Amino acid sequence: MMIISLVSAFSLLACSPEPEEIALSDLEITAVDEPYSAEADAHGALDAAYERAAARGTRVLVKFGGNWCPDCRIFAGMLELAPIRAYADAHYEIVAVDVGRYERNMDVVARFGLEELEGVPTVIITTAEGEIINTGTSAEWRTARERSAQDVLDYLTLYAEAGVPDDAARAVTRRP
């Protein structure tokens, strides 16, 4: 059944460029065991993502979280679903930043003008130039377990094309 669902989803993805038309309800969402690496160079990964985004004309999606957090692991699992992964890969550079239990990589959080996180996962989407475009919605994924894969795809679709708010804050796109 799962193979048939995945084949159907791939077929829909190949036949239609409209991601909101993809039926994701049949896909099983599995939490990723360890989507965040404490050893990763978060600043380096972020710098590289901004360089790739500038070259490709994509957005940068930064997900702050920790492996202890079920919602972080579920959100990571939704991003790994084939139709969502395909859409995200075409429109975003994704960086996972491990904040541990809010004691790690807080200097990376500060690059987005934040002193602290309201919870995790926190998702920040910027232009390649660092303009934050999802102001006000970055903390809404703290309840990822209550959301659907379609919600994730709709969110990614919205911000892939969203304009820059007039009052957009700006992230630091190069390591301080």
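Helices, where DSSP assigns H or I over at least four residues, and strands, where DSSP assigns E over at least two, are numbered from the N terminus. By this numbering, threonine 135 lies in the loop between β3 and α6. The model is predicted, and its protein chain has an average pLDDT of 89. The points below concern confidence, an open sheet of three strands, the helices α3 and α4, and two threonines of one loop.

**Confidence**
- A pLDDT of at least 70 is reached by 88% of the residues.
- Over residues 1-17, by contrast, pLDDT stays under 50. For this stretch the model has 15 contacts beyond four places in sequence.

**The sheet**
- Three strands form an open sheet in the order β2-β1-β3, and their pairing is mixed.
- Strands β2 (92-98) and β3 (122-126) are the edge strands, each of them pairing on one side only.
- On average, neighbouring strands of the sheet are turned by 20° against each other, direction ignored.
- Strand β1, which spans residues 59-65, runs parallel to β2 and is joined to β2 by seven bridges.
- Leucine 61 has isoleucine 94, in β2, as its bridge partner.

**Helices**
- Helix α3 (residues 70-79) packs on the sheet, where α3 touches β1 and β3. The direction of α3 makes about 150° with that of β1.
- Helix α4 covers residues 82-91, and its residues Pro83, Ile84, Tyr87 and Ala88 are buried. These four lie on the same side of α4, because they cover an arc of only 125° around the axis.
- In general, an α-helix has 3.6 residues a turn, so residues three or four places apart point the same way.

**Two threonines in the loop between β3 and α6**
- Threonine 127 is placed in the loop between β3 and α6 (149-161). Its relative accessibility is 5%, and threonine 127 therefore counts as buried, the cut-off for buried being under 20%.
- Apart from neighbours within four places in sequence, the contacts of threonine 127 are Tyr50, Arg59, Ile133 and Val164.
- Threonine 135 also has its place in the loop between β3 and α6. This residue has a relative accessible area of 52% and is therefore exposed, since exposed means over 50%.
- Between threonine 135 and alanine 168 there are 7.4 Å in space, C-alpha to C-alpha, while the two are 33 residues apart in sequence.

Methods
Residues are numbered from 1 along each chain as its sequence is written. This is a predicted model: local features need pLDDT of at least 70, side-chain atom pairs count only at pLDDT 80 or more; totals for chains, interfaces and linings use all residues. Side-chain values use heavy atoms; hydrogens and water are left out. Two strands pair if DSSP finds at least two bridges between them. Axes are lines fitted to C-alpha atoms, for helices over the stretch in contact, and angles run from 0 to 180 degrees between N-to-C directions. Contact means heavy atoms within 4.5 Å. pLDDT is the predictor's confidence in each residue, from 0 to 100. Buried means under 20% relative accessible area, exposed over 50%, partly exposed in between (1.4 Å probe, protein chains only). The arc is that of the directions from the helix axis to the C-beta atoms.
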